[in-house]
Amino acid sequence: MEIIIKKDYEQMSKLAAEIIAGQIRNKPNSVIGFATGSTPVGTYRELIRMHREGLDFSNIIAFNLDEYFGIGMDLSKSYAEDQSYTRFMYEELFNYINIKDENIHIPDGLTKNPDELCKSYEEAIKEAGGIDLQILGIGGDGHWAFNEPGSSLDSRTRIERLSEQTLDDNYEAFYKNAGISREEMPHYAITMGIGTILEAKEILMIANGVKKAEIVANALEGPVSNLVTASAIQLYQGKATVILDEEAASRLSSVKNTTSAS
Ligand code: GLP
């Protein structure tokens, strides 16, 4: 695993976008695993800028990590109101690049048959040839996607109950934007499993801010444990790049004084 520390969020985002763009230039029909959350927003802005300068997304295939169970993109509502990850991806990236709609895969949070959906999501990833580059953030409780503490490190795409900490971390957006309370927000999600994620050919994990410092150190340097599912990165056998800003890296003991400013 290569850990790169950048000065700030902007520099972290720029490098992450360069790595994604490099992947797409090398293999225009790359299968990219996309993540949601506030962390990748800056990376997606950079990708949009690069697209305006010619980066071509017309042949990429996208698979998103997860979606809340019980909600989905509802075009009769505004983004703020529907709060789905599907809507998030369109508003933050897909609407501004030339990806083809038929190449976008996001678990359908409104499915009536979640077990079948999870199975076919896994099959679709395989049929596409597997994920070439998986983008990941990290949740406050150390999760990847919505693989909450206690998830098996072999887990596959499935329905997962959100942890109390994730509900605490995420409910404000629901409340602020849509007046949906913590009790009313989805308590379950459809998520790729840790086993699914570890099959990606390459992993790009990003994290920023002092709030993430301790959990980042636990995941990267602590014991591999299903209580911090992102610690599975230590088991990963492919190429893993972790880009952190200085604040998120501040509790790491193994990589001091290696910040690159640009
Ligand atoms: C959610 C997503 C994760 C994401 C996490 C962190 O829980 N399911 O994929 O990594 O949020 O979000 P943020 O980047 O806003 O801290």
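Me: Which helices each supply at least two residues of the lining of the second largest pocket?

Reply: Helix H3 (79–82) and H6 do. This is a predicted model, by the way. The residues nearest the centre of that pocket are Gly70, Ile71, Lys77, Asp82 and Ile180, out of 14 that line it. Its space comes to about 190 Å³.

Me: How do the residues of that second lining divide into nonpolar, polar and charged?

Reply: You get 7 nonpolar, 2 polar and 5 charged. Take Lys77 and Asp82 from the lining: Lys and Asp count as charged, so those two go in the charged group.

Me: And what makes up the lining of the largest pocket?

Reply: Its lining has 41 residues, with Gly37, Ser38, Tyr85, Asp169 and Asn170 nearest the centre. Strand S4 (66–68), helix H4 (85–92) and helix H6 (164–178) are the elements that give it two or more residues. H6 provides the largest share, 10 residues. About 1100 Å³ of space lies in this pocket, and its lining splits into 17 nonpolar, 16 polar and 8 charged residues. Gly37 falls under polar, because Gly is counted there.

Me: Why is the contact between aspartate 132 and lysine 27 called a salt bridge?

Reply: Their side chains come to 2.9 Å, N to O. The cut-off is 4 Å between a Lys or Arg nitrogen and a carboxyl oxygen of Asp or Glu, so the pair qualifies. Aspartate 132 sits in the loop between helix H5 (114–127) and strand S6 (133–136), and lysine 27 in the loop between H1 and strand S2 (31–34), so parts 105 residues apart in sequence are tied together.

Me: Why does aspartate 132 count as buried or exposed?

Reply: Its relative accessibility is 7%. Buried means under 20%, so aspartate 132 counts as buried. Lysine 27, at 30%, is partly exposed, because that value falls between the 20% and 50% limits.

Me: What else does aspartate 132 pair with?

Reply: Lysine 201, in a salt bridge of 3.3 Å, N to O. Lysine 201 is in the loop between helix H7 (194–198) and strand S9 (202–207), so this pair ties together parts 69 residues apart in sequence. At 45% relative accessibility, lysine 201 counts as partly exposed. Lys27, Asp132 and Lys201 are thus linked in a network of salt bridges.

Me: What about arginine 182 and glutamate 164?

Reply: Their side chains meet at 2.8 Å, N to O, in another salt bridge. Arginine 182 is in the loop between H6 and strand S8 (188–191) and glutamate 164 in helix H6, 18 residues apart. Arginine 182, at 19%, is buried, since the limit is under 20%. Glutamate 164 is partly exposed at 47%. The count by this rule is 13 salt bridges.

Me: Which residues have the most contacts inside the largest nonpolar core?

Reply: Phe34, Phe94, Trp144 and Leu244, in a core of 72 residues. Helix H1 (residues 9–26) gives the largest share, 7 residues. Apart from that core lies another of 9 residues, including Tyr68, Ile71, Met185 and Ala189.

Me: What is leucine 244 in contact with, leaving aside its neighbours within four places in sequence?

Reply: Its partners are Ile3, Ile4, Ile5, Lys6, Met12, Ala207, Val216, Leu220, Ala249 and Leu252. They count as contacts because heavy atoms come within 4.5 Å.

Notes: Residues numbered from 1 in each chain as written. Predicted model: local features only at pLDDT ≥ 70, side-chain atom pairs only at ≥ 80, totals over all residues. Heavy atoms only, no water. Core = buried A, V, L, I, M, F, W, Y, C linked by side-chain atoms within 4.5 Å. Buried < 20%, exposed > 50% of the residue type's maximum accessible area, 1.4 Å probe, protein only. Helix = DSSP H or I, 4+ residues; strand = E, 2+ residues; numbered from the N terminus. 1 Å grid on protein atoms, 1.4 Å probe; cavity = no way out; pocket = protein on both sides within 12 Å on 5 of 7 lines; lining within 4 Å. Points joined across faces, edges and corners; volume = space filled by probe spheres on them.
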